[in-house]
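Open the model in your viewer and keep the sequence panel visible. The stops below are given in the order in which to select them.

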Amino acid sequence: MSKKSVIPMLEEPKNTEKILELVANGFYDKDIYKKLKVSSKTFQKWKANHEAEYEKAKSERYYNLLGTAESGLVKKLTGFKQKEVIKNYKYGDDGEKILVGETVKTKDVPPDTLAIMFALKAGNPERWNYAEYKKLQLEEKSGNEIKDIIEHLNKYKLKPPEGGSE
């Protein structure tokens, strides 16, 4: 008795939509076909039938992740409040752990200096690149030293050696 194909089940519009949503939300193929309880080969067949839709969902994933990264960076740049739940337990006579209360604390997380430096360098690398700034300082200093030496030597009105060219 041969095994019944699950491709028709994957081809149902609601399932195709679900798969594409998982792809757009950052799930990897392996995670998807395991979640659907189908083989890799079966999933590859479905993917071949929906190549354009699959690629579009993958590009959406990129923009979703980029949006998440930007939101996280903004949070790090501005600081935020973070809730912390502390659970208090006691042990009963039978040794079982019993929750006796919860304390919720809110703490301020200050802006992250490293994130601020990253944003400044990414936004205006010419202005905020310290290494480049130091390099330019050294070049300027070297150039000024050479000018000073030339000016000093010009005081002596040196002439080229006999038989040499000017």
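Select S59, which is partly exposed, with a relative accessible area of 34%; buried means under 20% relative accessible area, exposed over 50%, and partly exposed in between, using a 1.4 Å probe and protein chains only. S59 sits in helix α5, where helices (H or I, at least four residues) and strands (E, at least two) are DSSP runs numbered from the N terminus. Now add H152 to the selection: S59 and H152 are 93 residues apart in sequence, and their C-alpha atoms are 65 Å apart in space.

Before moving on, note that this is a predicted model, in which local features need pLDDT of at least 70, side-chain atom pairs count only at pLDDT 80 or more, and totals for chains, interfaces and linings use all residues. Residues are numbered from 1 along each chain as its sequence is written, and side-chain values use heavy atoms, with hydrogens and water left out.

Next, go to the loop between α4 and α5 and pick H50. Is H50 buried or exposed? H50 counts as buried, at 9% relative accessibility. Leaving aside residues up to four places away in sequence, H50 touches E11 and T16, contact being heavy atoms within 4.5 Å.

Move to the loop between α3 and α4, which holds K37 and V38. K37 is exposed, with a relative accessible area of 75%. Check the backbone of K37 too: its phi is positive, about 60°, although K37 is not a glycine. V38 counts as buried, at 10% relative accessibility. Measure from V38 to L10 and the C-alpha distance is 9.3 Å, for a separation of 28 residues in sequence.

V38 and L10 also lead into the largest nonpolar core, which has 14 residues. Such a core is a set of buried Ala, Val, Leu, Ile, Met, Phe, Trp, Tyr and Cys residues joined through side-chain atoms within 4.5 Å. Show L10, I19, I32, L36, V38, F43 and W46 as sticks; these have the most contacts inside the core. Two or more residues come from each of α2 (13-24), α3 (29-35), α4 (40-49) and α5 (51-78). α2 gives the most, with five residues.

Follow α5 to its contact with helix α6 (residues 113-123): the two pack at an angle of about 120°, with their axes 8 Å apart. Axes here are lines fitted to C-alpha atoms, for helices over the stretch in contact, and angles run from 0 to 180 degrees between N-to-C directions. Select L73, K76 and L77 in α5 together with A115, I116, F118 and A119 in α6, which they meet. The residues of this contact divide into six nonpolar, no polar and one charged; Ala, Val, Leu, Ile, Met, Phe, Trp, Tyr, Cys and Pro count as nonpolar, Asp, Glu, Lys and Arg as charged, and the others, Gly among them, as polar.

Last, select strand β1 (residues 80-91) and strand β2 (residues 97-109), which pair in the antiparallel sense over 12 bridges; two strands pair if DSSP finds at least two bridges between them. Q82 stands opposite K107 in β2, and I86 stands opposite T103 in β2. The two strands form a hairpin with five residues between them. In the turn, G95 has a positive phi of about 85°.
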